[in-house]
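Me: I've got a structure here and would like a close look at a single part, the final stretch of the chain. Take me through how that end sits against the rest, with some context around it.

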Amino acid sequence: MAETRLGYSGAQIALHWTVAVLVVAQIVLHDGMVAAYAAGRGAGAATESDLFLADLHVAFGIAVFALALMRVALRVRRGAPPPPQDEHPALRMAARATHFALYALILLMPATGGLAWFGGIEAMAELHGAGKAAILVLVGLHVLGALYQHFYLRTDVLRRMLRPER
């Protein structure tokens with residue numbers, strides 16, 4: 001088990017924000033991907049723009065998967081800082097559940113997307129589509145939780161993800 005940390009490492013912070021930017025990009029690129037996927041299944045024609053956006057979506061999805069694996073390995077090896085000492089048990093449980101679900105989704109979304117795109121497995125495409133709504137909700141909860149911790153509870157939770165542990 002990793003020792004208790006007061007903050008995150010520079011690598012953990014860089015991976016967090018890189019994955020965050022890529023996930024937001026995936027949401028933006030989604031419509032082009034849907035159009036290209038539909039065209040590949042014989043439902044209309046994809047534009048060059050749709051195909052370009054689809055290629056970016058696939059490339060970014062592969063990057064998210066690889067970076068998520070690195071995040072998990074680093075978290076297992078290095079650990080994470082504990083929640084604030086006086087944090088209510090319900091908030092602690094909500095944070096733990098949200099983080100677990102986010103990690104699961106940033107691994108499952110590229111896997112289901114890859115199986116849909118490269119394997120032509122329609123059930124994976126449907127699961128991938130449902131995952132989009134789930135990841136939007138979880139990212140929203142994650143952001144709101146960090147802002148709540150920072151501005152209302154006045155903890156260092158958000159600051160820990162902005163500057164590395166020294």
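Reply: Below is a quick overview, then the end of the chain, and then a few other spots for context.

Keep in mind that this is a predicted model. The protein chain has five helices and zero strands, so the order from the N terminus reads α-α-α-α-α by the DSSP runs used here. Of its 166 residues, 34% count as buried. Along the principal axes, the C-alpha atoms fill a box of roughly 55 × 30 × 25 Å. Take the contacts with a separation of 6 or more: residues 24 or more positions apart account for 80% of them. The accessible surface is about 10100 Å², and carbon and sulfur atoms hold 70% of that. As for charge, the chain carries 14 positive and 11 negative ones, and the mean positions of the two sets are 14 Å apart.

Now for the end of the chain, starting just before H5. Arg154 sits in the loop between H4 and H5, and its phi is positive, at about 60°, even though Arg154 is not a glycine. That's worth a glance in a predicted model, because most residues other than glycine have a negative phi. Arg154 has a relative accessibility of 63%, which means it counts as exposed, the cut-off being over 50%.

Next comes Arg160, which lies in helix H5. Is Arg160 buried or exposed, and what is the nearest side chain of opposite charge? Arg160 is buried and has no salt bridge; the nearest candidate, Asp156, is 4.1 Å away. Asp156 misses out because a salt bridge here needs a side-chain nitrogen of Lys or Arg within 4 Å of a carboxyl oxygen. If you're eyeing that pair in the viewer, note that 4.1 Å falls outside a hard cut-off of 4 Å. Not counting residues up to four places away in sequence, Arg160 touches Leu6, Tyr8 and Ile13, along with Pro81, Pro82 and Pro83.

Past H5 you reach Leu162, in the segment after that helix. Leu162 is exposed, with a relative accessible area of 53%. Leaving aside neighbours within four places in sequence, Leu162 is in contact with Ile13 and Trp17. Ile13 is thus a partner of Leu162 and also of Arg160. Pro82 is on the Arg160 contact list, but from Leu162 the C-alpha of Pro82 is 16 Å away, with the two positions 80 residues apart in sequence numbering.

Then there's Glu165, whose side chain meets that of Arg78 in a salt bridge (2.6 Å, N to O). Arg78 lies in helix H2 (residues 48-78) and Glu165 in the segment after helix H5 (157-160), so this pair ties together parts that are 87 residues apart in sequence. Arg78 counts as buried at 12% relative accessibility, whereas Glu165 counts as partly exposed at 26%.

The structure holds two salt bridges; besides the Arg78 pair, Arg92 meets Glu87, at 3.9 Å from N to O. Here Glu87 is buried at 11%, while Arg92 is partly exposed at 26%. The 3.9 Å value falls within the 4 Å cut-off, so this pair makes the list.

For context, step back into helix H4, which covers residues 122-152 and includes Gly140. Gly140 is partly exposed, at 28% relative accessible area. From Ile121, Gly140 is 19 residues away in sequence and 29 Å away in space, C-alpha to C-alpha. Tyr148 is in H4 as well, partly exposed at 37%. Together with Leu91, Tyr152 and Leu153, Tyr148 makes a nonpolar surface patch of about 390 Å².

For a yardstick across the model, try Leu53 in helix H2: from Tyr148 it is 95 residues away in sequence and 35 Å away in space, C-alpha to C-alpha. Leu53 counts as partly exposed at 25%, and its contacts beyond four places in sequence are Leu29 and Gly32.

Back to your request, then. The final stretch has a buried Arg160 without a salt bridge, an exposed Leu162 that contacts Ile13 and Trp17, and Glu165 paired with Arg78 of H2.

Key
Residues numbered from 1 in each chain as written. Heavy atoms only, no water. Helix = DSSP H or I, 4+ residues; strand = E, 2+ residues; numbered from the N terminus. Buried < 20%, exposed > 50% of the residue type's maximum accessible area, 1.4 Å probe, protein only. Contact = heavy atoms within 4.5 Å. Areas by Shrake-Rupley, 256 points an atom, 1.4 Å probe, with all protein chains shown as cover. Lys, Arg positive; Asp, Glu negative; His and termini not counted. Charge placed at Lys NZ, Arg CZ, Asp CG, Glu CD. Patch = residues over 30% accessible without salt bridge, like charges linked within 9 Å, V, L, I, M, F, W, Y side chains within 5 Å.
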